[in-house]
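Visitor: Could you walk me through this one and tell me how each label was earned?

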Amino acid sequence: MLSLMRVLALESSCDESAVAILDEEAGLLAHELFSQVDLHRAYGGVVPELASRDHVRRLLPLIRTVLDKASIAPAEIQGVAYTAGPGLIGALLTGAALARSLAFAWGVPSIGVHHLEGHLLAPLLEPDPPPFPHVALLVSGGHTLLIEVSGIGRYRTLGASRDDAAGEAFDKTAKLLGLPYPGGPQLAELAAHGRAGAFTFPRPMLDRPGLEFSFSGLKTAVLHALAGRTLSAALRADVARGVEDAIVDTLIAKALRALEDTDLAVLVVSGGVSANRTLRTRLAAAVGARGARVYYPRIEFSTDNAAMIAVAGLARLKAGEHDTLAIAARAQWPLESLAPVST
Ligand code: KG4
Ligand code: ZN
């Protein structure tokens with residue numbers, strides 16, 4: 001086993017350039033993030049080529065800032081972690097090329113991290129981390145997954161979305177309401193002013209057994225609700241509330257079902273949508289009522305960040321895993337293909 005102390009981590013899988021330094025003993029020393037939201041807003045979504053080019057511009061200055069803030073010299077870094085997939089291939093390759101070059105120059109190992117493993121392990125950064133085994137509800141812009149997590153690298157998918165991810169459903173319905181990209185957080189803000197029950201949208205697959213999700217029907221339901229009406233502020237807020245309630249109800253019902261099916265009493269909720277306040281409040285009540293406990297990353301580590309990549313990278317480097325010199329990234333990468341890490 002490697003006596004590894006400190007890792008530098010890069011995240012560049014989509015539209016956030018992020019860098020962090022994690023010390024095995026002292027914890028997170030520094031972390032920085034640059035969001036490309038302003039760059040992509042005019043296009044209503046992420047433009048992959050623009051994302052890659054901006055990562056190239058941002059990552060090196062961010063690394064300098066993080067090293068400065070942590071008062072760490074490159075010689076004091078013992079490993080480099082980076083997101084190797086899944087994500088936008090060009091964006092991933094900018095981080096992979098930089099991480100592997102730095103590791104080569106510094107004479108330390110590098111490790112390509114699975115982005116979703118980063119999300120799953122983000123709550124380990126908190127003072128009261130979740131115990132294993134647990135059920136994880138991973139809800140992001142690209143994924144909606146229920147996973148049985150028996151340890152680091154020990155993942156069994158219990159259910160997934162058949163179509164749109166929960167975050168995607170937030171973003172797409174937000175677009176229909178005229179909200180700028182990325183719509184999820186703004187739809188949530190709008191929903192706070194809406195009336196519960198003014199619109200009741202479908203909660204797909206709740207009436208059937210199983211842990212699958214389907215969110216693509218929400219767009220059509222919202223389109224029908226808006227048809228022929230003037231888009232007043234009150235109407236938009238009511239529709240937003242209806243959408244948020246439908247997504248949150250569905251996520252909670254399936255998460256509770258997963259706890260029941262696995263006979264586990266610990267739920268971890270991570271990924272961008274776990275930043276949603278309504279989801280957090282309602283889940284706390286629902287899970288608490290069953291004598292179970294729910295854990296989250298802090299809000300800033302719910303959405304994409306490099307601290308979570310550092311956690312996963314540190315665990316894997318310590319277990320002796322590392323990359324070859326080849327620069328590689330994977331747009332698709334099954335979570336279950338990861339090697340278990342003994343802890
Ligand atoms: O994990 P993440 O930062 O990126 C991916 O790996 O996809 O998740 C981003 C997603 C977006 O769809 C965004 O709209 C959604 O998370 N999101 C939210 C909230 N904050 C972020 N959705 C609902 N309510 C929020 N507060
Ligand atoms: Zn993510």
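Guide: What follows is a short tour, label by label. The model is predicted, so to speak of local features takes pLDDT of at least 70, side-chain atom pairs count only at pLDDT 80 or more, and totals for chains, interfaces and linings use all residues. Residues are numbered from 1 along each chain as its sequence is written, chains are lettered from A and ligands numbered from 1 in the order in which they are written, and side-chain values use heavy atoms, with hydrogens and water left out.

Visitor: What makes Met205 buried or exposed?

Guide: Buried means under 20% relative accessible area, exposed over 50%, and partly exposed in between, with a 1.4 Å probe and protein chains only. Met205 has a relative accessible area of 9%, so Met205 is buried. Asp263 comes in at 70%, so Asp263 is exposed.

Visitor: What is the phi of Met205?

Guide: About 70°, a positive value although Met205 is not a glycine. Asp263 also has a positive phi, near 60°, and is not a glycine either. Most residues other than glycine have a negative phi. Met205 sits in the loop between α6 and α7 (217-226), and Asp263 in the loop between α8 (233-262) and β9 (266-270). Helices here are DSSP runs of H or I with at least four residues, strands are runs of E with at least two, and both are numbered from the N terminus.

Visitor: Which peptide bond leading into Pro133 is called cis, and what is its omega?

Guide: The bond from Phe132 to Pro133, with omega near -5°. Pro133 is in the loop between α4 (115-121) and β6 (134-139). The bond from Tyr181 to Pro182 is cis as well, with omega near -10°, and Pro182 is in the loop between α5 (166-176) and α6 (183-191).

Visitor: Why are β8 and β10 said to stand at the edges of the sheet?

Guide: Two strands pair if DSSP finds at least two bridges between them. The order in this open sheet of five strands is β8-β7-β6-β9-β10, with mixed pairing. β8 (154-160) and β10 (293-295) each have a single partner strand, so one side of each is left without a neighbour in the sheet. From one strand to the next, the twist averages 25°.

Visitor: How do you know that β6 and β7 pair?

Guide: Six bridges join β6 to β7 (residues 144-151), in the antiparallel sense. For instance, His134 has Val149 of β7 as its bridge partner.

Visitor: What makes the largest pocket a pocket, and what is its volume?

Guide: On a 1 Å grid over the protein atoms alone, a pocket is an open set of points where a 1.4 Å probe fits, with protein on both sides within 12 Å along at least five of seven lines; lining residues have an atom within 4 Å of a point. The volume, about 1,400 Å³, is the space filled by probe spheres set on the points, which are joined across faces, edges and corners. Its lining has 46 residues, and Pro182 is one of those nearest the centre. α4, α5, α6 and α9 (277-288) each supply at least two lining residues.

Visitor: Why does Pro86 count as buried?

Guide: Its relative accessibility is 13%, so by the cut-off already given Pro86 counts as buried. Pro86 lies in the loop between β4 (79-85) and α3 (89-106). Contact means heavy atoms within 4.5 Å, and Pro86 touches residues including Ser13, His114 and Trp333, not counting those up to four places away in sequence.

Technical notes
Axes are lines fitted to C-alpha atoms, for helices over the stretch in contact, and angles run from 0 to 180 degrees between N-to-C directions.
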